[in-house]
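User: I should like to learn how to read the internal features of a protein model. Could you guide me through them one at a time?

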Amino acid sequence: MDQEQEDQINPELNEDLLSVQAQSLQVQIDSFDRESLMIKREDHERRQLIDKLEDLGYEYQLKCIIANLLTIYMELQFNASELTKLFGLQDQYTRLTIQLARLCMIGTLQIQQLIENTFDSELLGSYSLQKGHRNTDAMKTLFEYQDKNILPQLIAICNEFFNKKKKQTIIQLTTEFRYQMAKLLSTLEFMPFAAVVKQDDIMFKLKVSHRWEILMKHVVVRVLGSTDQLKKSKENVINAIQSAQAMLQKKDESVWFKDVIHNFGSLYFMVAKKHQKQKAHLFVAETKNELAFAVWNLGESGMMKKLMPVMFQPITYKKKIYIPRIFKHIDLQWFQNMQGDKIADPDQPYLKDKPQLETLLELTKKNLTSERVKIRILCSSKLTAMPQDKQIEKKDYSVAPKWIKNYITRKEQEGIYTDVILHIHGGGFVSMSSRSHQNYTRKWANQINVPIFSLDYRLSPQNQFPDALDDCWQAYLWILHFSPHYFNIIPKRIILVGDSAGGNLVASLTNLCIKQNVQLPYAQLLIYPALDINLHNYTPSRIIALDDALLPHTFLKLCIQSYVQTDQNMNDPLISPINATQDMIKKYPITRIMTGTDDPLHDDNWRLLEKLIENKIDCQLYLYPDMPHGLISFDPLMPQCAQCVEDAKQILINILQK
């Protein structure tokens, strides 16, 4: 396909073409008489729906919101018709009006299904409400957001198109048009799943209820500043993120500017705030995999990669090793056979043959093949080989883990570490590495005085589930059984730590250890974990992602779709660990959770906490009011994040002192 054909299909990629079309459209607008096209008409279907709504037993506020939505949807459909006539053959713009009309029709029909108690509409397809009891409280959260935050914006944009003395350019208007419609689309996608949320879900119970009273006894609230102070600090992070988004969007549009903008473009956009917001909104509205993932990987390439080590604390011992995959592989075939409540036979060997152990020098040779797992080791003191009389070469690995228990019963010498932290980084399963998380892992290693093994798992979409989980599994068992061969470590207790996607993998690894009947981790610290990645499960905090520059709704969807193939059971506890069965939860180790209230993943932390409390697990949730997703990663851009890193360190110390 040549460049001209590509521009015809994706004209938004060519900024020069956009400018020409905008100028042409402005001429049409100047000569367009909107009043002459206004048609007086009555919408009988809308009136009938509102009449039926009055007869239903819904609360008054909900009825008002729904009635208002029906009116606005009708007005927007009429505006879409007018704009289509105005735009004529300008494909760049008529596609937007057609999409607007389609979304308004879907929204109207969803309301009609609610009022008339119908379901499974072929016309609506995946947007159709399903059979069953309707959770109007859950649906109300979406209706309110549409009514207050999206539809009024779309009305204003439509009216601005007809304004002959515009405050914004045509390009700015169309960008905002796309941005708002992307948000509307997400709310319409959420609606069928909001309708079937369980009535007893904790997130729809009053905060004064007995269930919440029990939960709050296990919560430590950490207020790091006033709402205004935290909002101002968060703007620094948003500015940096949106500058990166704008830079990559511009880089994608401008062929000749690519080399220059990669290193210096973000500096321009950090100053040019208005242009930054426009490009960032376009980036979010029409997110492309490679661009979205590149934003979170900026610290892994270019100038940022060179500058980032300046922020890292010096560390006495740092080493990268590449361990072989010698344990039973967790692959799709295994996953299919072990779905549901299946637990492996306790005597089932997960290490079939005694491996031929390599030297430490061999493990440190860079080897990024699929047969190796990369681990970054950090420690406040130098790790050394085990004293000769403690070598384990003669042990029978086929009976693991019994030999390690016998080994630990020996008299331990000074200088041998019995505690290890296994850290699993975040990044939406698609980006980042152990390297970019050293802004806090080095601090922990220095101050906790425990070796930290920080894992680099395979990233999606090149490596989909369960590849990343298999890497975690291989690393965990290797530390448990083979680290004593290379280091002065006898791992009595392994503490798992993970943030975001890493939090998902930590909880999933715990579930996997339970299913496989292997030694469990001593504790787990879940930092704003992605506990439920099933897009068909609705929860109110998902709405935060619609306006969140740090974890936008379109990026959230891309990450999940990249990580898991569409034919997998998204409710399996190895994919969405929130779904661990009660029998699994009963075996959970000490669990600590950290989350901010302004995090789209916030709600599921409460659901997990309730399950842990019900099963009498040692658990606590550290709650940070007004703090966003990524609260341990944004120091020094957001100074309050330094306290979150300190809190996490103290949590780990407290666990180790138990």
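Analyst: Let us start with the largest cavity of this predicted model. Its lining is made up of 27 residues, and those nearest its centre are G427, G428, S500, L551 and H629. The volume of this cavity is about 310 Å³.

User: Which helix gives the most to the lining of the largest cavity, and how do the lining residues divide into nonpolar, polar and charged?

Analyst: The main contributor is α20, with four residues. By class, the lining of the largest cavity holds 16 nonpolar, eight polar and three charged residues.

User: How many cavities of 30 Å³ or more are there, and what lines the second largest?

Analyst: There are four cavities of 30 Å³ or more. The second largest encloses about 60 Å³, and its lining consists of Q245, F283, V284, T287, A292, V295, W296, P552, T554 and F555. At least two of these residues come from each of α11 (273-285), α12 (289-296) and α20, with α12 giving the most, three residues. Seven of the lining residues are nonpolar and three are polar, while none is charged.

User: How should a nonpolar core be read?

Analyst: In soluble globular proteins, nonpolar side chains tend to be buried together. Here, the largest nonpolar core has 199 residues, and the members that touch the most others are W444, W478 and M594. Leaving aside residues up to four places away in sequence, W478 is in contact with I321, I323, I326, F327, L363, F453, S483, Y486 and F487.

User: Is H425 buried or exposed, and where is H425 found?

Analyst: H425 sits in the loop between β4 (417-424) and α17 (438-448). Its relative accessible area is 0%, so H425 is classed as buried, the cut-off being under 20%. Beyond residues up to four places away in sequence, the contacts of H425 include H437, D456, Y457 and D499.

User: What does P540 touch?

Analyst: P540, in the loop between β7 (523-527) and α20 (553-563), touches M203, F204 and D603, not counting residues up to four places away in sequence. The C-alpha atoms of P540 and A138 are 7.3 Å apart, although 402 residues separate the two along the chain.

User: How many disulfides does the structure hold?

Analyst: A disulfide is a covalent bond between the sulfur atoms of two cysteines. The structure holds zero disulfides. For C644, the nearest cysteine sulfur is that of C641, 5.4 Å away, whereas a disulfide requires sulfur atoms within 2.5 Å. C644 is buried, at 0% relative accessibility, and C559 is also buried, at 6%.

Conventions
Residues are numbered from 1 along each chain as its sequence is written. This is a predicted model: local features need pLDDT of at least 70, side-chain atom pairs count only at pLDDT 80 or more; totals for chains, interfaces and linings use all residues. Side-chain values use heavy atoms; hydrogens and water are left out. A nonpolar core is a set of buried Ala, Val, Leu, Ile, Met, Phe, Trp, Tyr and Cys residues joined through side-chain atoms within 4.5 Å. Buried means under 20% relative accessible area, exposed over 50%, partly exposed in between (1.4 Å probe, protein chains only). Contact means heavy atoms within 4.5 Å. Helices (H or I, at least four residues) and strands (E, at least two) are DSSP runs, numbered from the N terminus. On a 1 Å grid over the protein atoms alone, a cavity is a set of points where a 1.4 Å probe fits but cannot get out, and a pocket is an open set with protein on both sides within 12 Å along at least five of seven lines; lining residues have an atom within 4 Å of a point. Grid points are joined across faces, edges and corners, and a volume is the space filled by probe spheres set on the points. Ala, Val, Leu, Ile, Met, Phe, Trp, Tyr, Cys and Pro count as nonpolar, Asp, Glu, Lys and Arg as charged, and the others, Gly among them, as polar.
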